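This report describes the fold of one protein chain and the surroundings of its two ligands. The reader may wish to keep the sequence and the structure in view throughout.

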Amino acid sequence: MIRVVATGTFDILHPGHLYYLEESRNLGDELSVIVARDANVKHKPRPFLPEDQRLRMIRALKPVDHALLGDLHDMFRPIAEIRPDIITLGFNQHFDEEHLRQKLRERGLDADVVRIPGYPGSLASSSKIIERILNTRGPPDPTGSHGEE
Ligand SMILES: Cc1cc2nc3c(=O)[nH]c(=O)nc-3n(C[C@H](O)[C@H](O)[C@H](O)COP(=O)(O)O)c2cc1C
Ligand SMILES: Nc1ncnc2c1ncn2[C@@H]1O[C@H](COP(=O)(O)OP(=O)(O)OP(=O)(O)O)[C@@H](O)[C@H]1O
């Protein structure tokens, strides 16, 4: 039984997320997904959707066998419980593979770390979807004219 762990924020779901999770699941027999806690998303704007809602959507996806919220303080605690054989990193996750492997070893965890490539498409990105919404459905015209002459 090969256990795989994938991680991420998963704020507004798109096909890039699905691809990352499908490819992660294809590496083993069981996929657990650790969903980032609201309080821990500091490297970009805070998620729009609360952590419970992000978790519920991830749990419903076909490639996902188990989904859980991450730890608030120690990212290695859920890993120590799951004991995965493989941890996947998405194409734009800011972790260095070798550094992560080393940190895992220090905690007595010998999971391999595998980088999953990106899925193409200008809307395969939560922030690009948000940008598009703002650009196309931005603040309403205060005159209420909807751009009509
Ligand atoms: C091995 C690993 C374990 C993680 N564990 C946690 C965790 O326990 N709690 C948490 O809030 N975030 C955890 N994260 C971080 C997030 O799930 C996510 O990867 C990180 O915030 C980067 O988010 P993004 O790629 O969605 O922008 C972990 C990341 C990795 C690589
Ligand atoms: N287009 C994509 N192709 C492959 N993997 C992706 C793609 N978009 C996101 N992922 C992966 O899915 C996981 C969760 O990603 P995240 O929640 O950061 O979404 P995102 O669309 O990259 O967000 P943002 O646009 O705000 O950076 C990460 O491992 C990330 O690398």
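Helices (H or I, at least four residues) and strands (E, at least two) are DSSP runs, numbered from the N terminus. Helix 4 is followed by glycine 108, whose phi is positive, near 75°. The model is predicted: local features need pLDDT of at least 70 and side-chain atom pairs count only at pLDDT 80 or more, whereas totals for chains, interfaces and linings use all residues. Residues are numbered from 1 along each chain as its sequence is written, while chains are lettered from A and ligands numbered from 1 in the order in which they are written.

## Overall fold

The protein contains five helices and five strands, and along the sequence these follow the pattern β-α-β-α-β-α-β-α-β-α. Taken along the principal axes, the box filled by the C-alpha atoms is roughly 65 × 30 × 25 Å.

Two residues are in contact if their C-beta atoms, placed from the backbone, lie within 7 Å. Among contacts between residues at least 6 apart in sequence, 74% join residues at least 24 apart.

A residue is buried if 20 or more other C-beta atoms lie within 10 Å of its own, exposed if 12 or fewer, and partly exposed in between; here too the C-beta atoms are placed from the backbone. Of the 149 residues in the protein, 23% are buried. In helix 4 (residues 97–106), the number buried is zero out of 10 residues, so this helix lies largely in the open.

## The sheet

Two strands pair if DSSP finds at least two bridges between them. Five strands form an open sheet with parallel pairing, in the order 3-2-1-4-5. Strand 3 (66–69) and strand 5 (112–115) are the edge strands, each of which pairs on one side only. From one strand to the next, the twist averages 25°.

Strand 1 pairs with strand 4 (residues 86–89) in the parallel sense, over two bridges. Valine 4 stands opposite isoleucine 86 of strand 4. Helix 1 packs on the sheet, where it touches strand 1, strand 2 (30–35) and strand 4, and its direction makes about 160° with that of strand 1. For such angles, axes are lines fitted to C-alpha atoms, for helices over the stretch in contact, and the values run from 0 to 180 degrees between N-to-C directions.

## The nonpolar core

A nonpolar core is a set of buried Ala, Val, Leu, Ile, Met, Phe, Trp, Tyr and Cys residues joined through C-beta atoms within 7 Å. The largest one has 18 residues, and Val5, Ala6, Val33, Val35 and Ile58 have the most contacts inside it. Strand 1, helix 1, strand 2 and helix 2 (51–59) each give two or more residues to this core. Strand 2 provides the largest share, four residues.

Leaving aside residues up to four places away in sequence, valine 5 touches Ser32, Ile34, Ile79, Ile82, Pro84 and Ile87.

Alanine 67 belongs to strand 3. This alanine 67 counts as buried because it has 21 C-beta neighbours inside 10 Å. With residues up to four places away again not counted, alanine 67 touches Val33, Val35, Leu55, Ile58 and Arg59. Its C-alpha atom is separated by 8.4 Å from that of leucine 31, although the two residues are 36 apart along the chain.

## Two loop residues with positive phi

Phenylalanine 10 lies in the loop between strand 1 and helix 1. Phi of phenylalanine 10 is near 55°, a positive value in a residue other than glycine. Phenylalanine 10 counts as buried, because 25 C-beta neighbours lie inside 10 Å.

Arginine 83 is placed in the loop between helix 3 and strand 4. Its phi is also positive, near 55°, in a residue other than glycine. Arginine 83 is exposed, because 11 other C-beta atoms lie within 10 Å.

## The ligand surroundings

A residue is near a molecule if its C-beta atom, placed from the backbone, lies within 6 Å of it. Ala, Val, Leu, Ile, Met, Phe, Trp, Tyr, Cys and Pro count as nonpolar, Asp, Glu, Lys and Arg as charged, and the others, Gly among them, as polar. The table gives each shell by class.

| Shell | Nonpolar | Polar | Charged |
|---|---|---|---|
| Ligand 1 | eight residues | seven residues | two residues |
| Ligand 2 | six residues | 11 residues | two residues |

Around ligand 1 there are 17 residues, of which Thr7, Thr9, Asn40, Gly70 and Met75 are the closest. Strand 1 (3–8) and helix 3 (76–82) are the elements that give two or more residues to this shell.

Around ligand 2 there are 19 residues, and Gly8, Gly16, Gly90, Ala124 and Ser127 come nearest. Helix 1 (15–26) and helix 5 (126–136) each supply at least two residues of this shell. Helix 1 gives the most, with four residues.
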